[in-house]
Each structure stands twice: as C-alpha cells, then as structure tokens.
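The exercises below are to be worked with the sequence and the model side by side. Each task is followed by a solution that proceeds step by step.

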Amino acid sequence: AGEAPPAGCVHAGGMADPVGDPRDRRTGRAAEMRASLEGSLAERRARWGAVETAAQVVERDRDAAGTLLGSALAMRLFLFLVPLTLFAIGVAGLLGLSDVGSFSGAAKVDGRLAREIDQAFDQNATSAALATAIGFVGIGWTGRSLTRALVMSSALSWRMGGGQRAPARVIGGVIGIVVSTAFVWAVLNRIRANAGLAIASVSFAAVAVVYLVLWTVLLLTLPRATRDPGAVLPGSALIALVITGLQAISQLYLPNSISNSSTIYGALGVTAALLGWYFIIGRTLAFAFSLNAVIYDRYGSISHLVFALPVLRQIPRRVPIVARTFDLPDAEKGDPTGAATRPTDGAGG
C-alpha cells in the first residue's frame, strides 16, 4: 500500500504523472542535446582559433542586425535597378540605338517579357529624354537610400553606433561602384552571347579581380574603426567571390531556366528571381562588414604583416604619411602603441 505508483499512471484526480509524460521526456532530451552541442562548441572555440573567429563573426553579425539590414540592402539594390534600367533605355534612345532587338536574346528572355523589353527601346526622342531624366533623378534618390543603409550596416558592425552621415561624395561613390558592377555583369553577358560559354568561363577569374577592386573602393568609403585600407580586404574578397559565383550560375545554369520561366510566369517570375538574387548580395554585404571588423580586432590588418617585413618595416618610420594611411604604430610621433588607430569620421576613410 505504501509503494509509489508506477511511472505514467493516472492518479485519483485524473492527472497523469509528469515523469512519464512523453512530451517532458522529449523536452528533456532536446535540452540535453542542446547543452551537449553548446559544450562541444565552447570546447572547440577554446581549442581552435578559426572556430572562435567564425563564432565571433556570427555573433557580431547578429548584434549588428545583419539579417534585417541585409534584407534592407537587398530591397534598395532592387529599387536602384529600376531607375538604372530606365536611364539606360533613355540613353539608348537618345543615342539612336532603337534597334536593340538583340537585348532580350542576350538576356535569354522570350515570350511576353521579351516583347515588352524590346518595345521599351522603340521610342521617340521625347520619350527617351523623359526616361533619361526620370531615371537620373531616380538613381540619385535610390542611391542615397542605399548609401544610408550601407553606412548604418558598416557602422553597427564596427560597433561605432548609428547616426553617421552619408556625404554626397560617398553617395556618388556608391552609385558609381554599383553601376560599374552592373556594367561588368552586362559585359560578361555580352561575351557569353557572342563568344560562347568557353570564353565567358575563362573570364570569370578576371571579373572576380575587377569586383574585388570595385568593392574594396566602396568599402573604403564606409565607416570603420581604422583608416587602414587593408582592413576591408576580407569582406571585399567575400563579396567579389559571391557575386562572381552568382554570375557563373547565371551564365552556366540559368539562361534556359529564365527563358522558360519568363514564358510561363512573365515578369512576376523574373522579379521574384531578381529579389532572391539581391537578397543574397545584400546579406553578403552585411556579413562582410562583420567579417572585416572581427578579423581586424583579432588579427589586425594585412598591412601590418606587409610592413613588418625586414625591408618594409623602415618605411613607416621614414615616411609618416604611409604610417598614417595604413594606421601603423608609428603614425604619430612618440606613440609606439599605435594610438593613431581611431574610428574614421563621417562615412568614409
């Protein structure tokens, strides 16, 4: 009579014994598994520097609202495309390039969407001038919005707070780099259309270098906690790699898919695909800022390694402007600790 009831039995009040509740057992196992994974990760973070760095990048990206700002960047990139396309169509009309029937063919688009694209180029001088003017104003407006989002994302990743300005020179630089990226993408599309996939595939390496240079220049205009240009190289390399990979996919895999989907789904399907493309790019941008910040905080910049070489280490001491440009310890006289390192003011370096 004094024995405890078996697990899972029902008491007189009709309540099930919680020890035998399957839901509690599943919750307990999930908690144990989560604790085990967290312990394993903590052990690997303490043992391997690369794991610790990766974990810090993820944490920094989370603290800087990387997912939210990445989505905002994606939307602004997409909105920037609209006036840019309108501006390109207007300029084509003003230059007398109304016979652009190969545009849809180069883009591998057919059906109703192809007819709409080709009809857009069939315009008179007045329509072309109006499209050019509206597109130009739209580029400035959306470019300003895109720049402000980039400035905020970079500042938060470098833990500089918000409220940084977006000067006109930075807005102009962002617009120029984004337009240049779109131009390089279009040139490679034209190479594929005229020379085939073999030549286009070989050009991917060169295109990656061009993207690396372009996005390094762009990241140098954004807020960061050091003037050293080398601090933005990891993120620039990641951005260049992702954009080149996306372009390789679009060249090697997507042409036929886009052709078929544009016929079936029309502009809606292509718009959805573009939004997905821009989300990947925007998310990569937000993540690249955190990558730059964490690597610089943990390891410093590649510039420090270069100027630590036996021959080059004398340059910062003899040429102060080099030390100031690369934020080296000798940037200011009498300060061997590198106190010259400080956040760049405004929205640029």
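**Exercise 1. State the accessible surface of the protein and the share of it that belongs to carbon and sulfur atoms.**

Solution. In this predicted model, the accessible surface of the protein comes to about 19300 Å², and 66% of that area belongs to carbon and sulfur atoms. Turning from the surface to the interior, 38% of the 349 residues count as buried. The secondary structure consists of 15 helices and zero strands, and among contacts between residues at least 6 apart in sequence, 77% join residues at least 24 apart.

**Exercise 2. Locate the nonpolar patch on the surface and decide whether L305 is buried or exposed.**

Solution. The patch is formed by L233, I302, L305, V306 and L309, which together have about 420 Å² of accessible area. Its largest share, three residues, comes from helix 13, residues 302-306, and L305 lies in this helix. Because its relative accessible area is 60%, and the cut-off for exposed is over 50%, L305 is exposed.

**Exercise 3. Check the length of helix 9 against its expected span, and list its buried residues.**

Solution. Helix 9 covers residues 204-220, which is 17 residues, and at 1.5 Å a residue it should span 24 Å. The expected span uses one less than the number of residues. The end C-alpha atoms of helix 9 are 24 Å apart, in agreement with that expectation. The buried residues of this helix are F204, V207, Y211, L214, W215, T216, L218 and L219.

**Exercise 4. Describe the largest nonpolar core and the helices that give residues to it.**

Solution. The largest nonpolar core has 39 residues, and those with the most contacts inside it are L150, Y211, W215, L218 and L285. Two or more residues come from each of helix 3 (66-94), helix 6 (125-157), helix 7 (168-195), helix 9, helix 10 (233-252) and helix 12 (267-299). Helix 7 gives the most, with nine residues. Apart from this core lies another, of seven residues, among them A155, A225, A231 and Y296. To follow Y211 further, leave aside residues up to four places away in sequence: Y211 then touches T181, V184, W185, A240, I243, T244 and Q247.

**Exercise 5. Decide whether T53 is buried or exposed, and name the residues it touches beyond four places away in sequence.**

Solution. T53 has its place in helix 2, residues 49-63. Its relative accessible area is 10%, and since buried means under 20%, T53 is buried. Not counting residues up to four places away in sequence, T53 touches V294, R298 and Y299.

Notes: Residues numbered from 1 in each chain as written. Predicted model: local features only at pLDDT ≥ 70, side-chain atom pairs only at ≥ 80, totals over all residues. Heavy atoms only, no water. Helix = DSSP H or I, 4+ residues; strand = E, 2+ residues; numbered from the N terminus. Buried < 20%, exposed > 50% of the residue type's maximum accessible area, 1.4 Å probe, protein only. Contact = heavy atoms within 4.5 Å. Patch = residues over 30% accessible without salt bridge, like charges linked within 9 Å, V, L, I, M, F, W, Y side chains within 5 Å. Areas by Shrake-Rupley, 256 points an atom, 1.4 Å probe, with all protein chains shown as cover. Salt bridge = Lys/Arg side-chain N within 4 Å of Asp/Glu carboxyl O. Core = buried A, V, L, I, M, F, W, Y, C linked by side-chain atoms within 4.5 Å.
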